[in-house]
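Open your viewer and get ready to pick out some charged side chains. We will go from pair to pair, with a stop at each.

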Amino acid sequence: MDLFRNILGSGSTSNEAQSIAETIETVVDRLRHSTLLDDRRDACRHLRGLSNKFRLEVGVQALDVLTEDVLITDRNDEQIISNALETICNILDPETHEDDDEDKMGCNFTDIYLKKKENVNCVLELLGEYEFKIRRPSAKLLTFLLQNRPREMQDIILLSHMGVSRFMDVLADTREVLRNDALILLFHLTQGNANLQKIVAFENCFDILLDILCIEGYSDGGIIVEDCLKLMLNLLRNNPSNQTFFREGSYIQKACPFFEQIIKEKDELGWSAQKVTNTVDMLHVIRTLVSPSNSSTVVSSCQIKINGSGLLNCLCEILMDPKIPADILTETINTISEVIRGNLKNQKVLSKVVGPCEPPRPALILLLMSMTSEKQPLSLRCAVLYCFQCFLHNNPLGKIEIFRDFPPNKKLGVTEMTFQTDIFPSELLFSGLLSNNKLSIWFSSVAIAHVLTDNEALKLELLYVDFTSNQTVSPVYENGSTEFIPFLARIFEQLQHTNHPQSKIGIIMLLSTWICNCSKAVTCLLDIQAVIPFLTGQITSNEHDEKERVAQGMCAFLLGLSIINIQKSDETSYQKLLQLIKSRIGHEVFMDKFNEVTKYEGYNRALNHPQLRIAESSNIIFDYMWCKLFKQQEHKIISHLENLSSSEDPSEAVPTIDYQKIIDESNSKLQSVMLENAKLRADLSETKEKMNQMQLSANTFNPNHIDKPAQCSCDKVTNQLRDELIQQRLQIVHLNSLLEVEKAKLKELHEDHEDTQLMIEKYDEICTRHNIQVDFI
């Protein structure tokens, strides 16, 4: 307790502590029992001074008196109430002071304070007072309570009829200090609570915040602008009701002056750190309205409003400003990406934007040049890739335009999104794919994969592209075909020559996307002589590097996709690939490598959001669309390979197959015997019916009127029918005996089949135990 010694002078520590405790006790007793107003004022003022350094002692002895006595009894005295509120604020301060003996002391005292909800209601009533000395410490106290115990406080304020209204009154206060305190108070109040966010929004909070932004000078304002934008983000993030209210209330149009001011000023001397922060926060507000995690209805409506209000044009002008900081450029690209994602009109707006350079080039061309350049920062390259993906999302015309000027043997159609430039997107992407930089290869591969996604016609067209590069070695095909497909072969050649796992992963994602639902692409890929040996070598490799194992798992996925996409078009190749997995790779090895993809931690992270959010280049592995493709095709591949035995010896499966064949033949023979038996029974019944009719006919006629020759003829027919009836009965008896024999054979075969199955199961169990023992040894 050096602090006590410094204050009270020399003496023992216990005496100093006792002296402080006694002093506080005396002051508290004076506050509790004194009837003179001046004495109570002095006591409150003394406690406020002591609470700065001895918050624990003051809190233990004085908190109850201040909350239950002073704030209620002395409500009409501003000085006492102000000192009492400030003392409680010192006790509940969430920050840990150097003099504190305990951590989270403010939270502990907050728990005591919140045991009685009347304490919070009392402070809310005091917040309604207009006097500065009362309103400001009340706002400060409520802020501390929300910081220490947000959930409990939010529940109490929700039950209070006038709680939120009093907060909004403080926000609308003309005194800037109180208004600024209200921004912080509302920020903590609305954090993570959708109900309070809705109530605050419908209390005209957006109007007040936009007015404050205007008064403070928009992006040029200080930290108050930042607090306003953070509160606005709180109200909009993950709250569809507030997003709809923001759109329908024309607040998107009211946000345009923020960006228009940036365009007009174009600072020559650079941007301050606060201006950068303010602009980034405002861009986050726009992104919150069009985030892919929102419902498609909300996103589409907001995208239309942003374009109609001219905000998209403002963002495009900022994008083309060569003097904006890198952070602003990156976040502007991300914002434009989500504004145009899936909206054809907005995508056309971006395709027509031209950069201020000589010669003039479209904005997309300039962005792709940045993405494929090694000199650009990683965050910018990731943002450009995201923008390119969003431009292609639900945009078949844009996908055609990307490869329209690539030199194919079959010309692709011209669209209204024509790029007037000397450099075309296909050239930039293919040059990046064939570069030696691992990240350029990855970015270009993923970008081309997005062009091919859900575009079966373009997949076929690009198979016949004749890329006239410095390629000197033509690929050799297994079937001796003279058809030359350099584009696909050149991509695979790059895959063979690269040694970095990130480059491999990028190219494999491209190949996987290409061959999915395109049997012709699978055939062309498998015709390249080195494909099967390469994939087999990758899958059976024993590399221990985590990324290498992921690349091997993706090779297994590529092989699995080839199997399920070639089955209908080429049964021979289909059976060869199945036999390859069974005999050379092994079903267990294949599935073990196949499952490496989902085991990697970056897989689920990439699957959560379309944007690539990576801080370090070494963590770039998966793309969102490819992860979706893997998730869709994973179960198809697994179910296709389920019939493959995990055993490497095919002879073990022969007995089961032979028995099954015999059983099927016996069942077929049994069915034919039963059909023949039924036919004979029908003939027998027909014969009996004829005899009965003849017998009736014989009885109706008088034999005296029949001549002898006719009678002989009738007797002859009767005898003949009787003989046929006897023969049919004998044949039925014979067939019944055959049926019983076949049933006995079938029963015996079923018993042998069951015995064989039991033997196989026992053998598998013995093999499993043996493998476990071998692994243990």
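Is Glu 125 buried, partly exposed or exposed? With a relative accessibility of 42%, Glu 125 counts as partly exposed (buried is under 20% relative accessible area, exposed over 50%, partly exposed in between, with a 1.4 Å probe and protein chains only).

Before you select more, note that this is a predicted model, where local features need pLDDT of at least 70, side-chain atom pairs count only at pLDDT 80 or more, and totals for chains, interfaces and linings use all residues. Residues are numbered from 1 along each chain as its sequence is written, and side-chain values use heavy atoms, with hydrogens and water left out.

Now add Arg 75: its side chain meets that of Glu 125 in a salt bridge, 3.5 Å from N to O (a side-chain nitrogen of Lys or Arg within 4 Å of a carboxyl oxygen of Asp or Glu). This pair links distant parts of the chain, 50 residues apart, with Arg 75 in the loop between α4 (55-73) and α5 (78-92) and Glu 125 in helix α7 (residues 117-127). Helices here are DSSP runs (H or I, at least four residues), numbered from the N terminus.

Next, select Lys 254 and Asp 207, whose closest N and O atoms are 3.3 Å apart in a salt bridge. Lys 254 sits in helix α16 (residues 251-265) and Asp 207 in helix α13 (residues 205-216), so the pair ties together parts 47 residues apart in sequence.

For a pair within one helix, go to Asp 38 and Arg 41 in helix α3 (residues 37-51), three residues apart, about one turn. Their side chains form a salt bridge at 3.5 Å, N to O.

Finally, select Arg 30, Asp 39, Asp 42 and Arg 45 together to see a network of salt bridges. The structure holds 28 salt bridges.

Key. Helices (H or I, at least four residues) and strands (E, at least two) are DSSP runs, numbered from the N terminus.
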